[in-house]
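Reader: Could you take me on a close look at a single part of this protein, the sheet, and then at what packs around it? I would enjoy one connected answer.

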Amino acid sequence: GRDNAGGGSTMTAVYIILGILLFFFLLSLLRIGVRADFAGDLADTRVTVIAGPARIQMLPKPDKPEKPKKPKKEKKKKTPQEESTKGKEKKKPSLSAQDIKTLLPAVWASLKGGLRKTRQRLLIDPLELSAVLPGAMDPAGAAELYGYINAGMWTVMPQLEQLTRIPDPGLHVEVDFDSEQLRLTGRLGVSLQIRDLFAIGWAFAKPVIRWLLAMRKRQSAAEKAKAAQNAAKQRETVHTAPDGAGHTTTSTSTKES
């Protein structure tokens, strides 16, 4: 009797484990995605997240019922120490043009590696985008950007169509030299299975981390070079200063009684 009870509990545990594994397997097959509708001004963009049959509007955010306002708390006066440390906060790292140029090849290479693992399960539909680049402020820069975008489209799109499913792509780019704002119209939808999301994320991890380390190394070297240059300028200023410059002298006078 005890053997039967022990065997029954063991089989129950096996069934539970198999049920959990089956649940996660079916969950990995769930399609998730995002749909964006552009209406000219980026502020009017509508973004919807898709998870199976569910639709969640992200932008613009749905109106929420107004909550009763709480009485404002009096702000505590900062101590002199807090005021002195206020300006010593860490600056956020900024991306330079060189950083972006080195990032794009790494992102594209890792994206291709991840998309190969999805075996065309990633669906881009709809893809109907029309972009009007502003050229009033910087005509030469707008024309250069237009050339880069077109070159990228002719280079990337054929490979993207081989790695994903794009039933009916439609892309259009032009420059308006009288406009000062970017105008983007059209629709864009991307969906994939959850397992494909993990595959793409894993493909991104190694090259992006390598790029981040290289970027920090370049920024650290640039900061050290700038600090050394500033120190050299200060030393040069001290050596070339006229006699007595930068020094304060005190004198005392005595009155004869």
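Author: Happily; what follows starts with the sheet, then turns to the core and to a few backbone details.

A word on the basis comes before the tour. This is a predicted model, in which local features need pLDDT of at least 70 and side-chain atom pairs count only at pLDDT 80 or more, while totals for chains, interfaces and linings use all residues. Residues are numbered from 1 along each chain as its sequence is written, and side-chain values use heavy atoms, with hydrogens and water left out.

The protein has five helices and five strands; these are DSSP runs numbered from the N terminus, with helices being H or I of at least four residues and strands being E of at least two. Read from the N terminus, the order of elements is α-β-β-α-α-β-α-β-β-α.

Now to the sheet itself. Five strands form an open sheet in the order 2-1-5-3-4, and the pairing is mixed; two strands pair if DSSP finds at least two bridges between them. Its edges are strand 2 (54-59) and strand 4 (169-176), each of which pairs on one side only. From one strand to the next, the twist averages 20°; axes here are lines fitted to C-alpha atoms, for helices over the stretch in contact, and angles run from 0 to 180 degrees between N-to-C directions.

Strand 3 is a good place to stop. Strand 3 (residues 123-134) runs parallel to strand 4, and eight bridges join the two. Along this pairing, Leu129 stands opposite Leu171 in strand 4, and Pro134 stands opposite Asp176. Strand 3 is also joined by eight bridges to strand 5 (residues 183-193), this time antiparallel. There Ser130 stands opposite Thr185 of strand 5. The chain leaves strand 3, passes through helix 4 and arrives at strand 4, and this β-α-β crossover is right-handed. By that term I mean that, with the strands pointing away from the viewer, the path from the first strand over the helix to the second runs clockwise. Helix 4 (residues 139-163) lies across strand 3 and strand 4, at about 170° to strand 4.

From the strands we can move to the side chains. In soluble globular proteins, nonpolar side chains tend to be buried together. The largest nonpolar core in this protein has 17 residues, and those with the most contacts inside it are Leu115, Leu122, Ile124, Leu127, Leu160 and Ile166. Such a core is a set of buried Ala, Val, Leu, Ile, Met, Phe, Trp, Tyr and Cys residues joined through side-chain atoms within 4.5 Å, where buried means under 20% relative accessible area, exposed over 50%, and partly exposed in between (1.4 Å probe, protein chains only). Two or more residues of this core come from each of strand 1 (31-51), helix 3 (97-118), strand 3, helix 4 and strand 5. Strand 3 gives the most, with four residues. Leu127 shows the surroundings well: leaving aside neighbours within four places in sequence, Leu127 is in contact (heavy atoms within 4.5 Å) with Met157, Ile166, Asp168, Pro169, Gly170, Leu171, Arg187 and Leu188.

Strand 1 offers another residue to inspect, Thr45. Thr45 is buried, at a relative accessible area of 11%. Not counting residues up to four places away in sequence, Thr45 touches Asp37, Phe38, Leu59 and Pro60. Two of these partners, Leu59 and Pro60, are linked by a cis peptide bond with omega near -15°. Pro60 is in the loop between strand 2 and helix 2 (80-86). A cis bond also runs from Asp125 to Pro126, with omega near 5°, and Pro126 lies in strand 3.

The loop between helix 3 and strand 3 is worth a look too. Most residues other than glycine have a negative phi, and most peptide bonds are trans. Arg119, in this loop, has a positive phi near 55° and is exposed, with a relative accessible area of 71%. Gln120, in the loop as well, has a positive phi of about 65° and counts as partly exposed at 35%.

To finish, step back to the whole chain. Of the 257 residues, 19% count as buried. Among contacts between residues at least 6 apart in sequence, 76% join residues at least 24 apart.
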